[in-house]
Amino acid sequence: MAQGDPLQPGPGSAFRIGVDTGGTFTDLILLDDASCVVATHKRLSTPDDPGRAVLEGIDALIAATSCRGQLPGAGVVHGSTVATNALLEGKGDRAALLTTAGFEDVLYLARQDRPHLYDLVPTKEPPPIPRERTLGVAERINYAGQVLEPLNADEVSRVVDRLASFDITAVTICLLHSYAQPTHERALAEAIQAALPGVHLTVSSELLPEMREYERSATCAVNAVVGPTMSRYVGRLDTQLGRGRLRIMGTGGGTLPPVVVGQRPVETILSGPAGGVMGAWAMAASAGLGGPGAGVIGFDMGGTSTDVSLIEDGPRRTTESVIVGLPIRLPMIDIHTVGAGGGSIAWVDEGGALRVGPQSAGAAPGPACYGRQEGERLVTVTDAHAVLGHIRDGRRLGDQLSVDRGAAVASVGSIAQRLGMTHHAAAEGILRVADAAMARAVQRVSVQQGYDARQLTLLAFGGAGGLHACRLAEALGMDRVLIPVNGGLLSALGMLSAPARFAFSQAVLTTLPHQVSGYEDPLTSPAVSDAIDQLVYRGRAALKDDGVAADDQLLVVQLDLRFAGQSYEITVRAEADGGPIEAFVNEHQRLYGYAPVGRPIELVAVRVVATGPVPVLSLQRPARGLARQATEHEVWDRGELSVWPFLERDALQSGGQTAGPMVIEEYAATTVVPRGWDVEVLADGQLMLTR
């Protein structure tokens with residue numbers, strides 16, 4: 001941040017700033033007290049210090065707006081990739097794992113599944129905490145919470161002494177069946193806090209009091225290895241911005257205060273993409289979509305990856321996500337990510353096949369057309385678009401870059417030479433390979449979840465989303481594409497539409513036998529009602545500590561149900577229409593095509609989601625002066641060069657309809673509209689593309 005002009009907390013201001021840190025760009029957006037967009041900014045990320053781009057971007061926002069004097073109290077919601085990158089790059093902190101004696105190999109044994117069925121020599125990534133820093137603790141509790149082997153003081157002292165001999169900054173405690181009886185974990189936690197006060201501590205009975213020792217251990221291990229790094233990052237950024245102003249986007253679709261993120265950083269693993277989904281939900285609702293029978297596929301294509309999600313009555317959520325081969329058991333928005341973004345690197349494998357990703361040129365050096373490569377000759381998806389003319393030579397990207405088509409042609413030419421084809425054909429091939437990967441991702445969240453993609457609308461955003469939207473829709477048989485307002489910055493905007501959100505769970509294993517009159521209502525069980533009461537109390541306390549008034553608190557109770565003999569659950573609302581049992585049976589039928597008749601149903605866990613009020617967004621865009629007249633440029637289309645009109649988005653009139661082909665440019669995104677597609681400007685400014 002610029003010296004001499006710090007943003008200090010101040011009363012009375014309702015200005016809000018959304019910040020999304022991506023692998024290539026950091027996006028920022030400023031809303032006023034009426035939730036209207038005042039200013040936007042896009043700049044290259046700074047992977048060596050992500051906070052630098054955040055602070056410099058906020059400086060740029062301040063300089064670009066006339067309401068400078070009213071900004072000191074502006075709140076900042078930040079989507080961070082710090083925890084994700086630490087995990088992906090293996091640069092997390094050194095941590096130790098405490099588990100019940102005899103279960104020290106839990107992270108190595110995992111589930112013994114084969115993610116790639118035909119891989120004859122399968123390999124696995126090493127777990128985040130190695131075996132030499134995994135300690136077995138002499139104690140044992142059974143699934144019912146009964147103590148079979150007590151934890152004595154001598155064993156606690158031994159374990160603490162061993163931990164003190166390690167060079168570690170984090171410890172996670174994950175004992176067998178601690179979800180049913182947490183006393184042993186609490187005793188160890190108290191002793192560690194007293195002996196090693198500077199160590200980041202993760203306790204499974206607090207973070208994830210649920211069954212399945214591997215999933216629980218893996219989730220807690222991830223929390224431990226990213227904990228110190230994330231704590232330092234949010235603590236430093238919170239101080240630099242002025243305490244009380246910073247919130248972090250969580251993967252569940254809500255925002256969290258820095259103190260909670262420091263304790264539970266695993267809840268930010270998909271922070272940025274979650275903001276995009278929340279923004280897509282708001283845009284879908286504004287366009288009259290997103291309800292039953294009018295679902296949308298959120299298609300967020302950024303610089304390093306593409307994130308897809310299904311939105312119907314709201315974002316779909318899951319507790320079975322896998323990040324870098326590790327299960328993350330906490331509730332989060334169901335997002336499928338593939339390594340195909342604008343900066344994804346195209347390469348030719350040993351068999352001579354053209355490949356794209358998952359490696360990315362990132363912010364440094366970035367695509368060749370950014371003019372920042374020094375002899376590396378990395379070919380990216382963005383370069384392919386520049387070669388084909390979808391991004392015109394000299395086009396400004398954000399506030400720091402302009403496109404050099406000549407550099408893109410030179411880089412793509414290196415692959416074209418290897419493949420024995422023209423640079424246009426090679427560029428088209430790169431896009432087709434990227435499209436195939438993204439099409440599989442869309443099918444993962446639609447067809448494989450029981451939805452027909454052809455009945456849905458593709459909602460495309462992110463800096464590169466509009467470049468591929470129509471191509472991808474055609475490949476999937478979809479006929480409608482929605483391009484939102486500020487689509488290139490939608491993740492940052494979506495973070496400002498997210499409420500405070502806390503999620504709590506508790507394992508409660510109860511069997512509901514099938515009677516002649518049906519199943520017993522699980523909510524009548526004393527054990528279930530007691531668990532719900534405790535979780536509701538925790539939810540209200542968390543919201544109160546976060547400054548949410550009692551009248552603004554919303555708490556939703558959910559149940560994890562399964563048929564007896566199954567090893568997977570379905571989460572339903574306890575207050576669903578027709579009751580939780582009917583909701584479970586209907587969802588099982590939709591997902592799997594059948595529902596066993598007469599089989600007992602098991603309740604596995606109880607959940608409570610506590611949220612604050614949902615901020616309202618306006619789709620007003622910042623004024624950027626008069627739109628320039630349409631220009632014409634050559635585009636390689638269907639095997640030949642043709643001339644397409646290029647026009648600014650602000651030149652399109654509300655209510656009007658225009659036929660493609662054309663390229664629509666705006667501050668942070670570009671939309672390619674091929675032949676056979678029409679563009680309609682909706683009343684709220686969004687673009688509906690129809691085939």
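Reader: Is Arg 52 buried, partly exposed or exposed?
Author: This is a predicted model, so what follows is computed from it. Partly exposed covers the range between under 20% and over 50% relative accessible area. Arg 52 has 32% relative accessibility, so it counts as partly exposed.

Reader: Which residue forms a salt bridge with Arg 52?
Author: Look in helix 1 (residues 50-64), where the partner sits 4 residues apart from Arg 52, so about one helical turn separates the two. The partner is partly exposed too, with a relative accessible area of 30%. The closest N and O atoms of the pair are 3.9 Å apart, and the rule asks for within 4 Å. The partner is Glu 56.

Reader: Glu 428 and Arg 432 also meet in a salt bridge. Which of the two is buried, and which is exposed?
Author: These two are 4 residues apart in helix 12 (residues 423-445), so about one helical turn lies between them. Their N to O distance is 3.5 Å. Arg 432 has a relative accessible area of 58%, so it is exposed. At 17%, the buried one is Glu 428.

Reader: How many residues apart are Arg 316 and Glu 587?
Author: Their side chains meet in a salt bridge at 3.7 Å, N to O. Arg 316 is in the loop between strand 14 (306-311) and strand 15 (317-318), while Glu 587 belongs to helix 16. Glu 587 counts as buried, at 18% relative accessibility. The pair links distant parts of the chain, 271 residues apart.

Reader: Which strands does helix 16 lie across?
Author: Helix 16 spans residues 580-592 and runs at about 140° to strand 31. The sheet in question is open, with 4 antiparallel strands in the order 27-32-30-31. Its edge strands are strand 27 (501-512) and strand 31 (570-573), each pairing on one side only. Helix 16 lies across strand 27, strand 30, strand 31 and strand 32.

Reader: And helix 15, what angle does its direction make with that of strand 27?
Author: Helix 15 (residues 526-545) packs on the sheet and touches strand 27, strand 30 and strand 32. Its direction makes an angle with that of strand 27 of about 175°.

Reader: What is the bridge partner of Arg 562 in strand 32?
Author: Strand 30 (residues 554-563) and strand 32 (residues 601-611) pair in the antiparallel sense over 10 bridges. Arg 562 is also in a network of salt bridges, whose members include Asp 560, Glu 569 and Arg 607. Its bridge partner in strand 32 is Glu 602.

Definitions and conventions
Residues are numbered from 1 along each chain as its sequence is written. This is a predicted model: local features need pLDDT of at least 70, side-chain atom pairs count only at pLDDT 80 or more; totals for chains, interfaces and linings use all residues. Side-chain values use heavy atoms; hydrogens and water are left out. Two strands pair if DSSP finds at least two bridges between them. Contact means heavy atoms within 4.5 Å. Axes are lines fitted to C-alpha atoms, for helices over the stretch in contact, and angles run from 0 to 180 degrees between N-to-C directions. Buried means under 20% relative accessible area, exposed over 50%, partly exposed in between (1.4 Å probe, protein chains only).
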